[in-house]
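The following exercises ask the reader to work through the architecture of one protein and the surroundings of its ligand. Each task is followed by a solution in steps.

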Amino acid sequence: MELRKINLNDAYAQWEYTAALPADENGLTNPFHGVSFEEYKEKVLPRLISYEHPVGMPDWFVPETYYYLWDEGRLVGEFRIRHRLTEALRNGAGHIGYSIRKDARGRGCGTEGLRLTLEIAKKIVPEDEIYLRVNRDNIASQKVMLKNGARQAGEDETHLFMRIPK
Ligand SMILES: CC(C)(COP(=O)(O)OP(=O)(O)OC[C@H]1O[C@@H](n2cnc3c(N)ncnc32)[C@H](O)[C@@H]1OP(=O)(O)O)[C@@H](O)C(=O)NCCC(=O)NCCS
């Protein structure tokens, strides 16, 4: 498996994934669910690429890079890295968000994808630990985090707050 940064050459596979990804699954949100290929290519893809070096975005927006996980030539998942924390991210979604396509779940892609993403994130983020948040009832994602060295650092009514040391 390998991670590839979002790019123009993989537009079609990235679009298929983005259009099929639910608008909200376990707190992982996707405003582009159902987007057409035309709109993805012309508007969404340039916008997502620009998030790495944001221009004209509001103050709260931190640089964010999208990566896709490829397994034997097939795009199987998406991993987003937010480059640093704000107060809202520290007490919220943290540094990394991810998903695996439904028909590829349960065979280690989430675990391997997070491992590869952490290698990159550890070089980017200035904080001493990688912050992650997961819903209490999302056992699969909790396992993915724990297998990548996460510890529970807090909780609220619906979430666990996890951290992975650099
Ligand atoms: C969470 C998610 C990324 C896991 O991806 P995955 O490729 O299925 O993960 P893995 O195959 O590496 O599985 C990790 C562990 O979870 C277990 N698991 C998988 N699906 C499960 C389920 N529905 N219920 C309980 N455990 C499950 C696996 O058996 C494995 O545990 P094991 O190593 O003890 O056998 C995927 O389910 C997903 O995309 N969910 C929707 C979006 C989401 O929840 N994102 C995370 C937000 S924090």
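Helices, of type H or I with at least four residues, and strands, of type E with at least two, are DSSP runs that are numbered from the N terminus. The model examined here is predicted.

**Exercise 1. The overall inventory**

Determine how many helices and strands the protein has, and in what order they run.

Solution. Step one is the count: the protein contains five helices and nine strands. Step two is the order, which from the N terminus on reads β-α-β-β-α-β-β-α-β-α-β-α-β-β. Step three concerns the dimensions. The radius of gyration is 15 Å, close to the 15 Å given by the globule rule for 166 residues, so the protein is as compact as a globular protein of that length. The C-alpha trace spans about 45 × 40 × 30 Å along its principal axes.

Step four turns to packing. A residue is buried if 20 or more other C-beta atoms lie within 10 Å of its own; of the 166 residues, 28% count as buried. Among contacts between residues at least 6 apart in sequence, 54% join residues at least 24 apart.

**Exercise 2. The sheet of four strands**

State the strand order of the open sheet of four strands, and identify its edges.

Solution. First, the order is E1-E4-E5-E6, and the pairing is antiparallel. Next, the edge strands are E1 (2-5) and E6, each of which pairs on one side only. Neighbouring strands of this sheet are turned by 25° against each other on average, with direction ignored. Finally, one pair can be followed in detail: strand E5 (residues 74-82) runs antiparallel to E6, and five bridges join the two. Within this pair, Ile-81 has Ile-96 in E6 as its bridge partner.

**Exercise 3. The sheet of three strands**

Which strands stand at the edges of the open sheet of three strands, and what does this leave on one side of each?

Solution. Begin with the order, E7-E9-E8, in which the pairing is antiparallel. E7 and E8 are at the edges with a single partner strand each, so one side of each has no neighbour in the sheet. From one strand to the next, the twist averages 30°.

Now take the two pairings in turn. Strand E7 (residues 129-135) is paired with strand E9 (residues 159-165) in the antiparallel sense over seven bridges, and Leu-132 stands opposite Met-162 in E9. Strand E8 (residues 151-155) is also paired with E9 in the antiparallel sense, over four bridges; here Glu-155 stands opposite Leu-160 in E9. E8 and E9 form a hairpin, with three residues between them.

The last step places a helix against this sheet: H5 lies across E7 and E9, and runs at about 165° to E7.

**Exercise 4. The shell around the ligand**

Describe the residues that surround the ligand, and find which element gives the most to this shell.

Solution. To begin, 21 residues surround the ligand, and the closest are Asn-26, Arg-105, Gly-110, Thr-111 and Ala-140. Sorted by class, the shell has eight nonpolar, nine polar and four charged residues. Then consider the elements: strand E6 (96-100), helix H4 (109-124) and helix H5 (139-146) each supply at least two residues of the shell. H5 gives the most, with five residues.

To conclude, the exercises can be linked. H5, which lies across E7 and E9, gives the most to the shell around the ligand. E6, an edge strand of the sheet of four, supplies at least two residues of that shell.

Terms used: Residues are numbered from 1 along each chain as its sequence is written. This is a predicted model: local features need pLDDT of at least 70, side-chain atom pairs count only at pLDDT 80 or more; totals for chains, interfaces and linings use all residues. A residue is near a molecule or strand if its C-beta atom, placed from the backbone, lies within 6 Å of it. Ala, Val, Leu, Ile, Met, Phe, Trp, Tyr, Cys and Pro count as nonpolar, Asp, Glu, Lys and Arg as charged, and the others, Gly among them, as polar. Two strands pair if DSSP finds at least two bridges between them. Axes are lines fitted to C-alpha atoms, for helices over the stretch in contact, and angles run from 0 to 180 degrees between N-to-C directions. The radius of gyration is taken over C-alpha atoms; the globule rule is 2.2 Å times the number of residues to the power 0.38. A residue is buried if 20 or more other C-beta atoms lie within 10 Å of its own, exposed if 12 or fewer, and partly exposed in between; C-beta atoms are placed from the backbone. Two residues are in contact if their C-beta atoms, placed from the backbone, lie within 7 Å.
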